[in-house]
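User: Please take a close look at one loop and the strand that follows it. Then place that part within the rest of the model.

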Amino acid sequence: MSAIDDYLTEVEQQLRQVRDSGARDAIARAVDACADTIANDKIVFTFGTGHCSFAPLEMLTRTGTCSGFRAMI
């Protein structure tokens, strides 16, 4: 197996774990909370420090994306 095969296998396993765990429900609730906040003309704030700032950075506005998120890094 190549490194890419190992990587893809691990990603698939992690995604299956999320799908099969209670995390799926928590993710759905978070999505609904963000959507409701933005629909009510509010802003969703994301937070992270160090390497943990990568997730909030992914929420930053890009061309053609939702602008209801602000990262606090």
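Analyst: The loop and strand come first, followed by the salt bridges, the cysteines and the confidence.

This is a predicted model, in which local features need pLDDT of at least 70, side-chain atom pairs count only at pLDDT 80 or more, and totals for chains, interfaces and linings use all residues. Residues are numbered from 1 along each chain as its sequence is written, and side-chain values use heavy atoms, with hydrogens and water left out.

Start with Asp41. It sits in the loop between α2 (23-39) and β1 (44-47). Helices (H or I, at least four residues) and strands (E, at least two) are DSSP runs, numbered from the N terminus. Asp41 is not a glycine, yet its phi is positive, at about 60 degrees. Its relative accessible area is 73%, so it is exposed. The cut-offs are under 20% relative accessible area for buried and over 50% for exposed, with partly exposed in between (1.4 Å probe, protein chains only).

Ile43 lies in the loop between α2 and β1 too. It is partly exposed, at 38%. Ile43 also belongs to a nonpolar surface patch with Phe45, Phe47 and Met72. Together the four have about 440 Å² of accessible area. That area comes from the Shrake-Rupley method with a 1.4 Å probe; for residues, only the protein chains shown count as cover. Patch members have over 30% relative accessible area and no salt bridge; nonpolar side chains (Val, Leu, Ile, Met, Phe, Trp, Tyr) are joined within 5 Å, like charges within 9 Å.

Now the strand. Thr46 is part of β1. Thr46 is buried, with 14% relative accessibility. What does Thr46 touch, leaving aside its neighbours within four places in sequence? Its contacts (heavy atoms within 4.5 Å) are Pro56, Met59, Phe69, Arg70, Ala71 and Met72. Met72 therefore appears twice here: it is in contact with Thr46, and it is in the patch with Ile43.

Next, helix α2, which precedes the loop. Ala28 lies in this helix and is partly exposed, at 37%. Between Ala28 and Met1 there are 35 Å in space, C-alpha to C-alpha, and 27 residues in sequence.

The whole structure has two salt bridges. The criterion is a side-chain nitrogen of Lys or Arg within 4 Å of a carboxyl oxygen of Asp or Glu. One pairs Glu12 with Arg16, with the closest N and O atoms 4.0 Å apart. These two are four residues apart in helix α1 (residues 3-20), so about one helical turn separates them. Glu12 is partly exposed, at 44%, as is Arg16, at 39%. Arg19 and Asp20 form a salt bridge, with 3.0 Å between the closest N and O atoms. Arg19 is partly exposed, at 45%, whereas Asp20 is exposed, at 57%.

A disulfide is a covalent bond between the sulfur atoms of two cysteines. The cut-off used is a pair of cysteine sulfur atoms within 2.5 Å. The structure holds zero disulfides. Why is Cys52 unpaired? Its closest cysteine sulfur, in Cys34, is 18 Å away, which is too far for a bond. Cys52 is exposed, at 57%; Cys34 is partly exposed, at 23%.

Finally, confidence. pLDDT is the predictor's confidence in each residue, from 0 to 100. The protein has a mean of 87, and 92% of its residues reach 70 or more. Confidence is highest in α1, at 93, and lowest in helix α3 (residues 54-58), at a mean of 81. Where pLDDT is low, the predicted coordinates should not be read in detail.
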